Amino acid sequence: MISTKGRYALRVMIDLAQHEGKGNIPLKTIAERQDISKKYLEIIIKELVKGGLVTGVSGKGGGYRLSRRPDEYTVGEILELMEGTLAPVACLADKDYDCPRAGICLTLPMWKEYHQMVHDYFYGKNLSDLLGEWEPAYYI
């Protein structure tokens, strides 16, 4: 299950993409537009900056902006940054995990197939795909 942290991170990234080319966007503005607590967004934006997905500038004219174009982000990379692995079971989440049942596990092929579908789905969608009909200034 994707937590509010992952869902809100996507909303922040979409908001920044929608307002790309308009300078740095203050966190307060994003919080108001997205109806999300500014305090909670501070936690999320910090992780987005640390992960290199967003650039932050302090002081007058400060705020946040995307580090890349919206079509250069995958939903998968955003979610995994915020959520950690999207693997459904421990033996797929950690390659070093030594499962004593791996050789006889009849469910492992199913979990692998499920994990691959989830990975392909989220990594096959770009941030720009979520914008729908929205056309930021640099697309026009």
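A nonpolar core is a set of buried Ala, Val, Leu, Ile, Met, Phe, Trp, Tyr and Cys residues joined through side-chain atoms within 4.5 Å. The legends below use this term for a predicted model.

**View 1. The largest nonpolar core and the helices that supply it.** The largest nonpolar core holds 29 residues, and those that touch the most other members are Met 13, Leu 41, Leu 48, Ile 78 and Leu 127. At least two residues of this core come from each of the helices α1 (4–18), α2 (27–34), α3 (38–50), α4 (75–83) and α6 (108–123). Among the contributors, α1 gives the most, with seven residues. In soluble globular proteins, nonpolar side chains tend to be buried together.

**View 2. The surroundings of Leu 41 within the core.** Leu 41, one of the residues that touch the most other members of the largest nonpolar core, is shown here with its contacts from elsewhere in the sequence. When residues up to four places away in sequence are not counted, Leu 41 touches Val 12, Leu 27, Ile 30, Ala 31 and Ile 36.

**View 3. The largest pocket and its lining.** The space in the largest pocket amounts to about 180 Å³. Its lining is made up of Met 1, Ile 2, Glu 83, Thr 85, Leu 86, Ala 87, Pro 88, Tyr 114, Val 118 and Phe 122. Helix α6 gives the most to this lining, with three residues. Sorted by kind, the lining residues divide into eight nonpolar, one polar and one charged.

**View 4. Glu 83, a pocket-lining residue in contact with the start of the chain.** Glu 83 is placed in helix α4 and belongs to the lining of the largest pocket. Because its relative accessible area is 25%, Glu 83 counts as partly exposed, a class that lies between the limits of 20% and 50%. Leaving out residues up to four places away in sequence, Glu 83 touches Met 1, Ile 2, Ser 3, Lys 5 and Gly 6. The side chains of Glu 83 and Ser 3 are joined by a polar contact of 2.6 Å, and a polar atom of the Glu 83 side chain lies 3.0 Å from the backbone nitrogen of Gly 6. By contrast, the C-alpha atoms of Glu 83 and Ala 17, which are 66 residues apart along the chain, are separated by 21 Å.

**View 5. Gln 34 and Asp 35, from helix α2 into the loop towards α3.** Gln 34 is found in helix α2, and with a relative accessible area of 15% this residue is buried. Apart from its neighbours within four places in sequence, Gln 34 is in contact with Arg 11 and Asp 15. Asp 35 is found in the loop between α2 and α3, where a relative accessible area of 71% makes this residue exposed. Although Asp 35 is not a glycine, its phi is positive, at about 55°.

**View 6. Arg 65 in strand β2 and its contacts.** Arg 65 is found in strand β2, which covers residues 63–66, and is partly exposed, with a relative accessible area of 36%. Setting aside its neighbours within four places in sequence, Arg 65 is in contact with Leu 16, Gly 23, Asn 24, Val 54 and Thr 55. With Asn 24, the side chain of Arg 65 also forms a side-chain polar contact of 2.8 Å. The C-alpha atoms of Arg 65 and Glu 20 are separated by 7.1 Å, although these residues are 45 residues apart along the chain.

Notes
Residues are numbered from 1 along each chain as its sequence is written. This is a predicted model: local features need pLDDT of at least 70, side-chain atom pairs count only at pLDDT 80 or more; totals for chains, interfaces and linings use all residues. Side-chain values use heavy atoms; hydrogens and water are left out. Buried means under 20% relative accessible area, exposed over 50%, partly exposed in between (1.4 Å probe, protein chains only). Helices (H or I, at least four residues) and strands (E, at least two) are DSSP runs, numbered from the N terminus. Contact means heavy atoms within 4.5 Å. On a 1 Å grid over the protein atoms alone, a cavity is a set of points where a 1.4 Å probe fits but cannot get out, and a pocket is an open set with protein on both sides within 12 Å along at least five of seven lines; lining residues have an atom within 4 Å of a point. Grid points are joined across faces, edges and corners, and a volume is the space filled by probe spheres set on the points. Ala, Val, Leu, Ile, Met, Phe, Trp, Tyr, Cys and Pro count as nonpolar, Asp, Glu, Lys and Arg as charged, and the others, Gly among them, as polar. A polar contact is a pair of N or O atoms within 3.5 Å; within protein, one must be able to donate a hydrogen and the other to accept it, and residues adjacent in sequence count only if both atoms are side-chain atoms.
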